[in-house]
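Here are my notes on this model, in the order I'd go through them. Have the viewer open while you read.

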Amino acid sequence: MKNKKKVAINYTNRDYESIRNDLTQIAERFYPDTFQDFSEGSFGAMMLDAVAYVGDQLSFYLDYNVNETFLDTAYQYGNVLRQGRILGYKNTGRPSTYGKVALYILIPASTTGLGPDTRYIPTLKRGTRFTSQNGLNFVLTENIDFADPKNPVVVARTNTSTGAPSYYAIKAYGDVVSGFFGVEQVSVGDFERFKRVRLSNANISEIVSVVDSDGNEYFEVDYLAQDIVYKELTNKNYKSDNVPSVLKPLLVSRKFQVVHEPEGVYLQFGSGEDGATDVVAEPQNVAMDIFGKTYVTDVAFDPSRLTNNRSFGVAPANTTLTIAFRQTNPTNSNIAAGGLNQVSNALLEFEDLSSLSTSEVSFIRNSVEVSNEEPILGNVSNPSTAEIKQRIYDTFPTQNRAVTQKDYESLTYRMPRKFGSIKRCSVQKDPDSQKRNLNVYVVSEDTLGKLVETNSTIKKNLKVWLNNYRMINDTIDILDPFIVNFGINFVVKPDVSANKFDVLNRCVEALANKYRNPMFIGERLLISDIFSELNKVNGVMDVVKVKIVNKNTSGYSNVVFPIQQNLSPDGDYLLTPKNAVLELKFPEVDIKGKLR
């Protein structure tokens, strides 16, 4: 029997040249009588080239498929996004640009001429549209109440004959986002499991609402297994607690997930059919029986089984979906200072429109002006593949959960402002608890920007908000910190050539600007910073003395704080307890200075 040829195959040769050289050596060694002409134009050379070409192509696609299977080696944008979705990353599509604008409005004077007529002061509604000089669109993201006492009011027009004010101008600030609102209708045919609907409009950044032709509303969720969303309800006690909305959990069966692909935006629905919902389970069916015993000791109750997710929500069928969305600008949304100066559509709401003059209301509506005092800048291009990978790496470890104390503080500040504003927050582990009980200290501010205790409505909203992210073994207590009002007394020595009264005024103004914003909860007061700030004032030769005093009389917090007992041994700083916050409430009177 003739021995078989043993060919040593080098499996590391995978490109065209190395494969062709290997085949040439094999042909010359084992087939010297069959193939002798290996010139460039010969038939044998053509066969070697064809086989090497096919081998190179197969090696390339094998490497490509393997590389695109793993996140760290994936190159294609769409494959990186798919890998990210597996790890919990949610692509938000084309970035939006956010900024702050100044808003102006004219209000007729009251009958006495002393101040504007409060009946005509409106609220500028969220969704008001502004346009820049080069045609870029921006939308107001929050309601602006021009009646806020913090808004500056000046005389805008006067009566030519009497000189009395006829109109007052009110200035307010609001946040805007690039883009504009749009509506698209999509017809859906017969029932289809895991129905996917593609939107025809480009550059969609946000889905506002989805309603079918039967009036059923579909809710956006982060993942289809999610059954709970948080509904915004109007707060009936808005006038008393200044919280526009109340946060309520809502169990939903009609839901969708927004998927941003490179080729467009999709709405992903579940596999449930209308009329066969399985969102809420029967309580008697969710008890876990203990098997294997001839007697019964206890029956465990599994609350996580109260909601079933076998169908992942109801998919629409034989209906028309009306989809409202926000579409961002297709080009660069950056605007220079003063570039956003046109009001395209002002949405005004008056407290009692029926009692107002139609002509005055029309005048007020046309008087709304807008201007961005600072440039509106942001990242307006889609992130690169490398940036997407880094975001995925950062998203995966967090898993959208609050684990550390800083996570809880970040979530507290992230609660939407329409559910209540938290000015300062501090999370501390309860030293008296043997479990993972956390004390969340929160404090708010009043209409004048002064610290006040957070009202019960905001606390309830915050409780609901944090409950969605907290660890299962964490318990949370929302508490009020002690508000400690303090004052500053100082003595400085001015330069001989300086005006003493001007130096003293500049010193008071410098300290007022430094402590105009309240300090953080538990933040200590550095007295050395007060010395440093006073030494920077023009005309001050030396700072002789600085003393901190506690303010607890009428108009201040009633907290009695022992200043001397909480000073550091060297007098460099004032130690603040973790459940207290320092506030210089009235800088104009709480800062007192003397000259030596």
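1. Helix 9 passes helix 10 in a right-handed crossing (right-handed if the near helix is turned clockwise from the far one by less than a right angle, left-handed if anticlockwise). Their axes come within 9 Å and cross at roughly 135°, which makes the two helices oblique to each other. The contact involves Cys507, Ala510, Leu511 and Lys514 from helix 9, plus Asp529, Ile530, Glu533 and Leu534 from helix 10. By class that contact is five nonpolar, no polar and three charged residues.

2. Before going on, the provenance: this is a predicted model, where local features need pLDDT of at least 70 and side-chain atom pairs count only at pLDDT 80 or more, while totals for chains, interfaces and linings use all residues. Residues are numbered from 1 along each chain as its sequence is written, and side-chain values use heavy atoms, with hydrogens and water left out.

3. Cut-offs, quickly. Contact means heavy atoms within 4.5 Å. Oblique is whatever remains once angles under 35 degrees (roughly parallel), over 145 (roughly antiparallel) and 65 to 115 (roughly perpendicular) are taken out. Buried is under 20% relative accessible area, exposed over 50%, partly exposed in between, with a 1.4 Å probe and protein chains only.

4. Leu534 turns up again in the largest nonpolar core (buried Ala, Val, Leu, Ile, Met, Phe, Trp, Tyr and Cys residues joined through side-chain atoms within 4.5 Å). That core has 29 residues, and Leu534 and Ile548 have the most contacts inside it. Strand 26, helix 9, helix 10, strand 28 and strand 30 each supply at least two of its residues. Leaving out residues up to four places away in sequence, Leu534 touches Phe490, Val492, Cys507, Leu511, Val540, Val543 and Val546.

5. Is Val544 buried or exposed? Neither: Val544 is partly exposed, at a relative accessible area of 32%. Val544 sits in strand 28 and touches Val491, Val492, Lys493 and Arg596, again not counting residues up to four places away in sequence. Its C-alpha atom is 9.1 Å from that of Leu595, 51 residues apart along the chain.

6. Another helix pair to look at: helix 7 (residues 405–414) and helix 8 (residues 456–467) pack at about 125°, with axes 10 Å apart. Helix 7 is therefore oblique to helix 8. Their crossing is right-handed. Tyr408, Leu411, Thr412 and Arg414 in helix 7 meet Leu462, Trp465 and Leu466 in helix 8.

Note on methods
Axes fitted to C-alpha atoms, helices over the stretch in contact; angles between N-to-C directions. Helix = DSSP H or I, 4+ residues; strand = E, 2+ residues; numbered from the N terminus. Nonpolar A, V, L, I, M, F, W, Y, C, P; charged D, E, K, R; others polar.
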